[in-house]
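Work through the exercises below with the sequence and the model side by side. Try each task before reading its solution.

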Amino acid sequence: MSRLALVAAAASIVILGTAGGGYAATVDETVLMLNFKAADSNGDGYVTEDEIAADSAAAFSSLDKNHDGFLTPDELGPHDAAAFAAIDTDHDGKLSFVEVMNYKLKLLTPFDANHDGRWSIEEVRAFDASR
Ligand SMILES: [Ca+2]
Ligand SMILES: [Ca+2]
Ligand SMILES: [Ca+2]
């Protein structure tokens, strides 16, 4: 199974601007489940911030082609410049891992409906549906 991350996938969809495409709902649901299971490394049915960070680190390093610890627009390929700018909080034109994680957690936190600091598949589905 690929190390495509749950939120990495969600955030990269935001960055790359591929949301709202031709995916049927059933395909979305399958991708959602696969990403969730990949991120839920201890298999307890929840993803935690630590699991998201571990999963995101793998996705981040696979995108960081020159391994300098930052994602630049050319490394991301076609993407949504407005989304990139929103993630690039220090406006240096590149995304650090911390910027990516902060952005993901900012997006995900409102969907931790029971405030237990972890995300169930239902909570992630609500997040996914909001995009
Ligand atoms: Ca880089
Ligand atoms: Ca930056
Ligand atoms: Ca929760």
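The exercises go from the whole chain to single residues and then to a pair of helices.

This is a predicted model, in which local features need pLDDT of at least 70, side-chain atom pairs count only at pLDDT 80 or more, and totals for chains, interfaces and linings use all residues. Residues are numbered from 1 along each chain as its sequence is written, while chains are lettered from A and ligands numbered from 1 in the order in which they are written.

**Exercise 1. The chain as a whole**

Task: state how many helices and strands the protein chain has, and in what order its elements run.

Solution. Begin with the count, which gives seven helices and four strands for the protein chain, where helices (H or I, at least four residues) and strands (E, at least two) are DSSP runs numbered from the N terminus. Then read the elements from the N terminus on, and the order is α-α-β-α-β-α-α-β-α-β-α. Next turn to burial: 25% of the 131 residues of the protein chain count as buried, a term for residues with 20 or more other C-beta atoms within 10 Å of their own, whereas 12 or fewer make a residue exposed and counts in between make it partly exposed, with C-beta atoms placed from the backbone. Finally, among the contacts in the protein chain with a separation of 6 or more, 66% join residues 24 or more positions apart; two residues are in contact if their C-beta atoms, placed from the backbone, lie within 7 Å.

**Exercise 2. Confidence**

Task: find which stretches of the chain have pLDDT under 50.

Solution. Start from the average, which is a pLDDT of 86 for the protein chain, with 81% of the residues scoring at least 70; pLDDT is the predictor's confidence in each residue, from 0 to 100. One stretch with pLDDT under 50 covers residues 1-7, for which the model has 28 contacts beyond four places in sequence. Another covers residues 13-21, where pLDDT again stays under 50 and the model has 17 contacts beyond four places in sequence.

**Exercise 3. Residues and their partners**

Task: for Val47, Leu32 and Leu63, decide whether each is buried, partly exposed or exposed.

Solution. Take Val47 to begin with, which is found in strand β1 (residues 46-48). Val47 is buried because 28 other C-beta atoms lie within 10 Å, and its C-alpha atom is separated by 8.7 Å from that of Lys37, ten residues apart along the chain.

Go on to Leu32 in helix α2 (residues 25-39), which has 19 C-beta neighbours inside 10 Å and so counts as partly exposed. Its C-alpha atom and that of Ile121 are separated by 8.6 Å, although the two residues are 89 residues apart along the chain. Leaving aside neighbours within four places in sequence, Leu32 is in contact with Val124, Arg125 and Asp128.

End with Leu63, which lies in helix α3 and is partly exposed, because 17 other C-beta atoms lie within 10 Å. Beyond its neighbours within four places in sequence, Leu63 is in contact with Leu71, Glu75 and Leu76, and the C-alpha atoms of Leu63 and Glu75, twelve residues apart along the chain, are separated by 6.4 Å.

**Exercise 4. Positive phi**

Task: locate His91 and His115, and say whether His91 is buried or exposed.

Solution. Recall that most residues other than glycine have a negative phi. His91, however, has a positive phi of about 55° although it is not a glycine, and its place is in the loop between α5 (81-87) and β3 (95-96). With 7 other C-beta atoms within 10 Å, His91 is therefore exposed. His115 has a phi near 55°, also a positive value, and lies in the loop between α6 (97-108) and β4 (118-120). His115 has 7 C-beta neighbours inside 10 Å and so counts as exposed.

**Exercise 5. Two packed helices**

Task: describe how α3 and α6 pack, and which residues meet.

Solution. Two packed helices are described by the angle between their axes and the distance between the axes. For helix α3 (residues 49-63) and α6 the angle is about 130° and the axes are 11 Å apart, where axes are lines fitted to C-alpha atoms, for helices over the stretch in contact, and angles run from 0 to 180 degrees between N-to-C directions. The two helices are therefore oblique to each other, since angles under 35 degrees count as roughly parallel, over 145 as roughly antiparallel, 65 to 115 as roughly perpendicular and the rest as oblique. As the last step, list the residues: Glu49, Ile52, Ala53, Ser56, Ala57 and Phe60 in α3 meet Phe97, Val100, Met101, Lys104 and Leu105 in α6. Sorted by class, this contact of α3 with α6 has eight nonpolar, one polar and two charged residues; Ala, Val, Leu, Ile, Met, Phe, Trp, Tyr, Cys and Pro count as nonpolar, Asp, Glu, Lys and Arg as charged, and the others, Gly among them, as polar.
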